[in-house]
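Good morning, and thank you for coming. I should like to take the group through one protein model.

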Amino acid sequence: MTSRYAQLAFTPPVRARQVRHGSRTAYARTEQGPSEADRLTYQEADFIASRDSFYLASTGESGWPYVQHRGGPPGFLHVLDGATLAFADFRGNRQYITTGNLHGNDRVALLLMDYPNRSRLKILGTAASEEDPAPDLLSVVTPADHRGVVERVILITVEAYDWNCPQHITPRYSLQEVEAMAQPLHLHLVHLERRIADLEAENTRLRAAAR
């Protein structure tokens, strides 16, 4: 946990609960550090680039939080630099809850999961909706084979991030991941079937020669 993440997440009520349950002393040390916004390293950038989905939380004017699932090809959430993320917002159900929330409160939270490796990355930041994105930005964030209509580009300025422990993360695999894991077994079975066929043919030949 970075000091900046702890500084933002550990509000007075949170710290009071930590005191009550005996974890405050350990967590207090995580707050002792730089107060500047975190910057993504190659580790975070590589992790983000391999994700095909993430969860995005925002808060409406009513005070109610809203969590949205976003999905796309691996890397559809782009790391523009150490402080900026971006993704193309395609036309969907036209509820516009997230984009509407951002006009009143630009603070967001992202949760990115790697189920096979049981790891997760949490990001806090501020988000802006680019309704008329520059062509160069649009070309960067739009997948080449996507036929949907890009209505806007969402830019996220990273404030802090935290890597979570793997506890309670159940490994799950996509169809592509299962197929990749099964490929060596499939090749082994093909080789085994060919070997059996060769042995059966050799056995038939030997029997014929012995008559």
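I shall speak about the sheet, then two of its hairpins, then one buried residue, and finally the pocket and two loop residues.

Please bear in mind that this is a predicted model. Let us begin with the sheet. Seven strands form an open sheet in the order β2-β1-β5-β6-β7-β4-β3, and the pairing is antiparallel. Which strands lie at the edges? They are β2 and β3, the latter covering residues 78-81, and each of these pairs on one side only. On average, neighbouring strands of this sheet are turned by 35° against each other, direction ignored. Across β3, β4, β5, β6 and β7 lies helix α4, residues 42-49, which runs at about 80° to β6.

I turn now to the hairpin made by β1 and β2. Five residues stand between these two strands, and in the turn glycine 63 has a positive phi of about 95°. The strands run antiparallel, with seven bridges joining β1 to β2, residues 65-71. Threonine 59 is placed opposite proline 65 of β2.

The other hairpin consists of β3 and β4, with two residues between them. Here three bridges join β3 to β4, residues 84-90, again in an antiparallel arrangement. Valine 79 has leucine 85 of β4 as its bridge partner, while aspartate 81 is partnered by threonine 84, also in β4. On to the pairing of β4 with β7: these strands run antiparallel and are joined by seven bridges. Threonine 84 stands opposite threonine 157 in β7. Is β4 enclosed or open to the outside? Seven of its seven residues are buried, so β4 is largely enclosed by the rest of the structure.

Next, a single residue of β7, isoleucine 156. Why does isoleucine 156 count as buried? The reason is its relative accessibility of 0%, because buried means under 20%. Leaving aside residues up to four places away in sequence, isoleucine 156 touches Ala83, Thr84, Leu85, Phe87, Val108, Leu110, Thr126 and Ala127. The C-alpha atom of isoleucine 156 is also separated by 9.3 Å from that of arginine 107, although the two residues are 49 residues apart along the chain.

Arginine 107 brings us to the largest pocket, which has a volume of about 420 Å³. Of the 18 residues in its lining, those closest to the centre are Leu8, Arg107, Val108, Leu124 and Gly125. Which elements each supply at least two residues of this lining? They are α1 (3-9), β1 (53-59), β5 (107-114) and β6 (119-130). By character, the lining divides into ten nonpolar, four polar and four charged residues.

I close with two arginines in loops. Most residues other than glycine have a negative phi. Arginine 94, in the loop between β4 and α5 (97-104), has a positive phi of about 65° although it is not a glycine. Arginine 118 lies in the loop between β5 and β6, and its phi is likewise positive, at about 55°. Is arginine 118 buried, partly exposed or exposed? Its relative accessibility is 34%, so arginine 118 counts as partly exposed.

Notes:
Residues are numbered from 1 along each chain as its sequence is written. This is a predicted model: local features need pLDDT of at least 70, side-chain atom pairs count only at pLDDT 80 or more; totals for chains, interfaces and linings use all residues. Side-chain values use heavy atoms; hydrogens and water are left out. On a 1 Å grid over the protein atoms alone, a cavity is a set of points where a 1.4 Å probe fits but cannot get out, and a pocket is an open set with protein on both sides within 12 Å along at least five of seven lines; lining residues have an atom within 4 Å of a point. Grid points are joined across faces, edges and corners, and a volume is the space filled by probe spheres set on the points. Helices (H or I, at least four residues) and strands (E, at least two) are DSSP runs, numbered from the N terminus. Ala, Val, Leu, Ile, Met, Phe, Trp, Tyr, Cys and Pro count as nonpolar, Asp, Glu, Lys and Arg as charged, and the others, Gly among them, as polar. Two strands pair if DSSP finds at least two bridges between them. Axes are lines fitted to C-alpha atoms, for helices over the stretch in contact, and angles run from 0 to 180 degrees between N-to-C directions. Contact means heavy atoms within 4.5 Å. Buried means under 20% relative accessible area, exposed over 50%, partly exposed in between (1.4 Å probe, protein chains only).
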